[in-house]
Amino acid sequence: MGLLNQFLFGVYPYICLAVLVLGCVLRFDREQYTWRSGSSQLLRRRQLVAGSVMFHLGILVIFGGHFVGLLTPIWVFDALGVPHGAKQILAMAAGGLAGALCLAGGLLLLHRRLFDARIRKTSSFSDIAILVILMVQLILGLSTIAISAHHLDGQEMIKFMFWAQGVFTFKPGVAAFVADVHPIFKLHLVLGMTILLLFPFTRLVHMLSAPIWYLNRRGWQLVRTTRRLPIKPEAAAPTYRDPVNAPWPNTSSAFKARE
């Protein structure tokens, strides 16, 4: 078990991060036409809008909470006077609401892809598979709330903070920080890293695209008028003889005229 824990939480994170970075760079460089999230909004648009809004709002809150909660140094919270227990309760409350919202939206999107024959035919295997994996990850994340309720002092969260920050700072022996946590937490961490591993090969890459160039793009306005405008000679299309209906010139008479 010690070797498995060392691999999953000491080696596997770097494999996932390396594939994430290199895979995204190579895909953007070689297959830019696949760097998108295929749209199916023409089919069952109302369910798509409802599910997409809930899913994306929830996932943004969850991502921001995990990013700030795990990668912010502990001394920053101590300097701000934020107790570890209060941080734990805030994470449980905000994460629970965002997770439930995201799960509800994701289930709507998954139902739409699985039970609408037209949408399912236009969906690839990876489209459905990554959505199923995300739903399982959300269920695991919501399941950790009941376990976290028994550790309101925030000490379990500190272990995850030490582990995540140790991974990004290449600290040796980081797997020891999560060696004794509950198995559901471990499953949640492993599946989360697996999502990073699969990220470059799925539609999730659209998360990295932000069309900020639209903000400074020059606008164009097309105006159609009902007034009759004169045709400019230089703009008029040239006319040619109709080779089918128009007769060919009498070549014999042309030759006689020359003579």
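The protein folds into nine helices and zero strands, as seen in a predicted model. Read from the N terminus, the order of elements is accordingly α-α-α-α-α-α-α-α-α. Of the 259 residues in the protein, 32% are buried. The accessible surface amounts to about 18,100 Å², and carbon and sulfur atoms account for 69% of that area. Contacts across the sequence are a good place to start a tour of the fold: when pairs at least 6 residues apart in sequence are considered, 81% of the contacts join residues at least 24 apart.

One helix pair can be described in some detail. Two packed helices are described by the angle between their axes and the distance between the axes. For helix α1 (residues 2-30) and helix α7 (residues 155-168), the angle is about 55° and the axes lie 10 Å apart. Because of this angle, α1 is classed as oblique to α7. The crossing of α1 past α7 is right-handed. On the α1 side, the contact is formed by F9, P13, Y14 and L17, while α7 contributes W163, G166, V167 and F168. Sorted by class, the residues in this contact of α1 with α7 comprise seven nonpolar and one polar, with no charged residues.

Helix α6 offers two leucines for a closer look. The helix spans residues 125-148 and includes L142; L140 is also found in α6. The two leucines fall into separate accessibility classes. L140 has a relative accessibility of 17% and therefore counts as buried, since the cut-off for that class is under 20%. L142, at 25% relative accessibility, counts as partly exposed.

The contacts of each leucine reach to other parts of the sequence. With residues up to four places away in sequence set aside, L140 touches I184, L187, H188 and L191. Also on this side of the sequence is F185, which is 45 residues away from L140 along the chain, yet the C-alpha atoms of L140 and F185 are 7.9 Å apart in space. For L142, the contacts beyond its neighbours within four places are G95, G96, G99, A100 and L103. M92 is 50 residues from L142 in sequence, and the C-alpha to C-alpha distance between L142 and M92 is 8.9 Å.

Taken together, the two leucines show how α6 connects with other stretches of the protein: L140 is in contact with residues including I184 and L191, whereas L142 is in contact with residues including G95 and L103.

How values were computed: Residues are numbered from 1 along each chain as its sequence is written. This is a predicted model: local features need pLDDT of at least 70, side-chain atom pairs count only at pLDDT 80 or more; totals for chains, interfaces and linings use all residues. Side-chain values use heavy atoms; hydrogens and water are left out. Helices (H or I, at least four residues) and strands (E, at least two) are DSSP runs, numbered from the N terminus. Buried means under 20% relative accessible area, exposed over 50%, partly exposed in between (1.4 Å probe, protein chains only). Contact means heavy atoms within 4.5 Å. Accessible areas come from the Shrake-Rupley method with a 1.4 Å probe; for residues, only the protein chains shown count as cover. Axes are lines fitted to C-alpha atoms, for helices over the stretch in contact, and angles run from 0 to 180 degrees between N-to-C directions. Angles under 35 degrees count as roughly parallel, over 145 as roughly antiparallel, 65 to 115 as roughly perpendicular and the rest as oblique. A crossing is left-handed if the near helix is turned anticlockwise from the far one by less than a right angle, and right-handed if clockwise. Ala, Val, Leu, Ile, Met, Phe, Trp, Tyr, Cys and Pro count as nonpolar, Asp, Glu, Lys and Arg as charged, and the others, Gly among them, as polar.
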